[in-house]
Amino acid sequence: MADCERCGKKGRLTLVEIAGARLYVCQDCGKHGKPVQEPRPIVPAYTSKTSSRAPVPKPDAMTNRELELADDFNVRIQRARERKGWSREDLGKKMSERVSIISKLENGEMRPSDDLIRKLERTLDIKLMEPVSDVRVQGSSASQGLTLGDLITRKRA
Ligand SMILES: [Zn+2]
């Protein structure tokens, strides 16, 4: 049994509204208030503020893909080409692409389209795509074993 929140008497309590405040009161005190059917869940103001400030994952075009173009795709293209002993002209001919395209790719000035990526991978026998999450996680050894939440907490601390 709980105590009446108005008079402190023990007994069967009901939730009523008295002068704008919701109290669990005894039968006697309940006569002074307006009966309330359902206790409204009280949401602290700071909870909603915190959740709205929480970082939301950026809607990224790559998010729904398993693979993305490797950051060092230009190095991979150049190394693979040189391994085969081809000039940029040779590679361009084999791929039916202009030399200027090959140069831009190897200089990192241009990102290959999906079609071009497939053609490069086939022609040079390399992989230009890599798993998105693995690369990001392995990129920073300091973040290993930490969740995103841990990182945020540390930054704020
Ligand atoms: Zn009472």
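In the predicted model, the largest nonpolar core is made up of nine residues, namely Phe73, Ile77, Leu91, Ile102, Leu105, Ile117, Leu120, Leu124 and Leu128. Helices H3, H5 (99-106) and H6 each supply at least two residues of this core. The largest share comes from H6, with three residues. Apart from this core lies another, of six residues, which includes Leu13, Val16, Val25 and Cys29. In soluble globular proteins, nonpolar side chains tend to be buried together.

These cores belong to a protein chain with eight helices and seven strands. Of its 157 residues, 12% are buried. Among the contacts in the chain with a separation of 6 or more, 36% are accounted for by residues 24 or more positions apart.

Helix H6 spans residues 114-124, and Ile117, Leu120 and Leu124 are buried within this helix. When H6 is seen down its axis, the buried residues fall within an arc of 65 degrees, so they line one face of the helix. The spacing of such residues follows from helix geometry: an α-helix has 3.6 residues a turn, so residues three or four places apart point the same way. On the other side of H6, Asp114, Asp115 and Arg122 are exposed. The buried residues of H6 are covered by elements including strand S6 (67-69), helix H3 (73-83) and strand S7 (129-131).

Two of the buried leucines of H6 were examined individually. Leu120, located in helix H6, is buried because 24 other C-beta atoms lie within 10 Å, where 20 or more are required. When neighbours within four places in sequence are left aside, Leu120 is in contact with Ile77, Pro112 and Leu128. Leu120 and Ile77 are 43 residues apart along the chain, yet a separation of 7.5 Å is found between their C-alpha atoms. Both Ile77 and Leu128 appear with Leu120 in the list of residues that form the largest nonpolar core.

Leu124 also lies in helix H6. This residue counts as buried because it has 21 C-beta neighbours inside 10 Å. Beyond its neighbours within four places in sequence, Leu124 is in contact with Ile77, Ala80 and Arg81. For Leu124 and Met95, which are 29 residues apart along the chain, the C-alpha atoms are separated by 9.7 Å. Ile77 is thus listed among the contacts of Leu120 and among those of Leu124.

Just after H6, the backbone at Asp125 takes a positive phi of about 60 degrees. The positive value occurs here in a residue other than glycine. Most residues other than glycine have a negative phi, and most peptide bonds are trans. Asp125 is placed in the loop between H6 and S7. Asp125 is exposed because 10 other C-beta atoms lie within 10 Å, a count that meets the limit of 12 or fewer for exposed residues.

Elsewhere in the chain, three strands form an open sheet in the order S4-S3-S5, with antiparallel pairing. Strand S4 (21-25) and strand S5 (34-35) stand at the edges with a single partner strand each, so one side of each has no neighbour in the sheet. Strands of a sheet pair through backbone hydrogen bonds, either parallel or antiparallel. In this sheet, S3 and S4 run antiparallel and are joined by five bridges. Within that pairing, Ala21 of S4 is the bridge partner of Ile18. Strand S3, residues 14-18, also pairs with S5 in the antiparallel sense, over two bridges. Here the bridge partner of Glu17 is Lys34 in S5.

The hairpin of S3 and S4 has two residues between the strands, and in this hairpin Ala19 takes a positive phi near 50 degrees. Ala19 has this positive phi although it is not a glycine. The residue is found in the loop between S3 and S4. Ala19 is exposed because 8 other C-beta atoms lie within 10 Å. Positive phi values in residues that are not glycine are therefore described here for Ala19, in the loop between S3 and S4, and for Asp125, in the loop between H6 and S7.

Terms used
Residues are numbered from 1 along each chain as its sequence is written. This is a predicted model: local features need pLDDT of at least 70, side-chain atom pairs count only at pLDDT 80 or more; totals for chains, interfaces and linings use all residues. Helices (H or I, at least four residues) and strands (E, at least two) are DSSP runs, numbered from the N terminus. The arc is that of the directions from the helix axis to the C-beta atoms. Two residues are in contact if their C-beta atoms, placed from the backbone, lie within 7 Å. Two strands pair if DSSP finds at least two bridges between them. A nonpolar core is a set of buried Ala, Val, Leu, Ile, Met, Phe, Trp, Tyr and Cys residues joined through C-beta atoms within 7 Å.
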